Amino acid sequence: MGIVLIAISLLFNKNSLKKGLVIKSTGSWYRVNPDEGNTVDCKIRGKFRLKGIKTTNPVAVGDIVDFKIDEKTGFGVITKIHQRKNYIIRKSINLSKRAHIIAANIDQAILMVTLAKPKTYPEFIDRFLASAEAYSIPAKIIFNKIDLYNKEIISEMQQLISTYTKIGYDCFSISAKQKKGVDEITELLNNKISVLAGHSGIGKSTLINVIEPGLNLKTNEVSEAHDSGMHTTTYPEMHALKSGGYIIDTPGIKGFGIVDMDKKEISHFFPEIFAIRNKCQYYNCTHSHEPNCAVKQAVDNGEISATRYKSYISLLIGDDDEKYRTVPY
Ligand SMILES: Nc1nc2c(ncn2[C@@H]2O[C@H](COP(=O)(O)OP(=O)(O)OP(=O)(O)O)[C@@H](O)[C@H]2O)c(=O)[nH]1
Ligand SMILES: [Mg+2]
Ligand SMILES: [Zn+2]
């Protein structure tokens, strides 16, 4: 009798739903860290849709899911995604009608950029920041590879840091390679779930290796011929930090296409434009062609950065996202 009961309870346990955190996603399978026990590789069953948006990855790193073990294959099967606190999403470049969720349930989005090898352009930064604003995710900027900057580039960086800090985005300048400025980043990551994004080859995995050497993440030289990264990290993956918190390493992004943003809303995602909108003559001013526009005046007198304004206009007129592929490849 006892043996029968144990057998039944084992069977029951095997089939019972478990809850876990998605720590890696390849688009066809997902590695899930359950509340108890070892990680399980899972597939999905059924369709998961996001507010009618077609996504290339219905389940993302950071998702909390329910799953059960498929006895035949030994793999897990994800049956439910728990309500997301938030997510950061971009248009998929190859399948532009589709969206790609970079990560879900995050505390902060950290954009890593470089002004040297391969250079990140302001339009890319602004598109990323606007997207983070749209989903109410605090965003920070790391300028990496400062060991390669000459005087001119340092002054360009200082200009950008001053612009972005004034708007409210914390900026950090580091050299992951020389381990300079990394302590501040360790502190920034403490006890938070952070996603680290940016172009390929800017040093995301290098930085994570410095912060958590045991991880031994793959890194690769930047191609001299194309001045672009080699797309070394191929899937987003969440790593636990000894100091507490998690960092999500992501594959390099080429261009940042904005998803699902109403034209009327775009100015809401540029905080410095949003802040002075009431000073414009027209309540529905788009800050593009209208007379007595406080935003255009602020650009003219240098209170609002001209490159930020240019990024805003490019989003407003719906410039082809493809044009903002800022890294040749
Ligand atoms: N000079 C210099 N090189 C760096 C620095 N940080 C990273 N690198 C180099 O940049 C190259 C790319 O680094 P990765 O860490 O692979 O870049 P990644 O952003 O993870 O790239 P993907 O995985 O392709 O998205 C490597 O050769 C690194 O050694 C830095 O601070 N200074
Ligand atoms: Mg990488
Ligand atoms: Zn205006």
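Modeller: Let's start with a term: a donor is an N, O or S atom within 2.8 Å of the metal (3.2 Å for Na, K and Ca), and water is not among the atoms, so sites may look incomplete. The model in front of you is predicted, with local features needing pLDDT of at least 70 and side-chain atom pairs pLDDT 80 or more, while totals for chains, interfaces and linings use all residues. Residues are numbered from 1 along each chain as written, chains are lettered from A and ligands numbered from 1 in written order, and side-chain values use heavy atoms, without hydrogens or water.

Biologist: Which residues are the protein donors of the zinc ion (ligand 3), and how do you know?

Modeller: C280, C285 and C293 each offer SG, and H287 offers ND1. These atoms lie 2.1 to 2.4 Å from the zinc ion, and a donor needs to be within 2.8 Å, so they qualify. Read along the chain, the donor residues follow the spacing C-x4-C-x1-H-x5-C.

Biologist: What makes the arrangement around the zinc ion tetrahedral?

Modeller: The angles. Four donors earn that name if all angles lie between 85 and 135 degrees. Here the 4 donor atoms subtend 100 to 117 degrees, so the arrangement is tetrahedral.

Biologist: Are C285 and C293 buried or exposed, and how do you know?

Modeller: The cut-offs for relative accessible area are under 20% for buried, over 50% for exposed and in between for partly exposed (1.4 Å probe, protein chains only). C285 has 9%, so it is buried, and C293 has 2%, so it is buried too. C285 sits in the loop between α6 (271–274) and α7 (294–300); those helix names come from DSSP runs of H or I with at least four residues, strands being E runs of at least two, numbered from the N terminus. K264 is 21 residues from C285 along the chain, and their C-alpha atoms are separated by 9.4 Å.

Biologist: Turning to the magnesium ion (ligand 2), which atoms coordinate that metal?

Modeller: OG of S205 and OG1 of T233, at 2.0 to 2.1 Å. That pair links distant parts of the chain, with S205 in helix α5, T233 in the loop between α5 and β12 (237–240), and the two positions 28 residues apart. Both are called buried because S205 has a relative accessible area of 8% and T233 has 17%.

Biologist: Which residues come nearest to ligand 1?

Modeller: D147, S200, T206, T232 and T233, out of 23 residues around the ligand. A residue belongs there if one of its heavy atoms lies within 4 Å. By class that shell has 4 nonpolar, 14 polar and 5 charged residues. Helix α5 (residues 204–211) gives the largest share, 3 residues.

Biologist: What makes the approach of D147 to ligand 1 a polar contact?

Modeller: A polar contact is a pair of N or O atoms within 3.5 Å; within protein, one must be able to donate a hydrogen and the other to accept it, and sequence neighbours count only if both atoms are side-chain atoms. A side-chain N or O atom of D147 is 2.7 Å from a nitrogen atom of ligand 1, so the pair meets the cut-off. Backbone N or O atoms also approach oxygen atoms of the ligand, at 3.0 Å for G203 and 3.2 Å for N220. The protein covers 94% of the 650 Å² of accessible area that ligand 1 has on its own, by the Shrake-Rupley method with a 1.4 Å probe.

Biologist: Is H199 buried or exposed, and how do you know?

Modeller: Buried, because its relative accessibility is 0%. H199 is in the loop between β11 (193–197) and α5, and a polar atom of its side chain lies 2.8 Å from the backbone oxygen of I253.

Biologist: What is unusual about the backbone at K117 and P118?

Modeller: Most residues other than glycine have a negative phi, and most peptide bonds are trans. K117, though not a glycine, has a positive phi of about 45 degrees, and a cis peptide bond with omega of about -15 degrees joins K117 and P118. P118 lies in the loop between β8 (108–114) and α2 (122–134).

Biologist: Why is K117 called partly exposed, but K179 exposed?

Modeller: K117 has a relative accessible area of 35%, so it is partly exposed. K179 has 58%, so it is exposed. K179 also has a positive phi, about 55 degrees, and is found in the loop between β10 (171–173) and α4 (182–189).

Conventions
Ala, Val, Leu, Ile, Met, Phe, Trp, Tyr, Cys and Pro count as nonpolar, Asp, Glu, Lys and Arg as charged, and the others, Gly among them, as polar. Four donors count as tetrahedral if all angles lie between 85 and 135 degrees; four count as square planar and six as octahedral if opposite donors are over 155 degrees apart and all others between 65 and 115; anything else is irregular.
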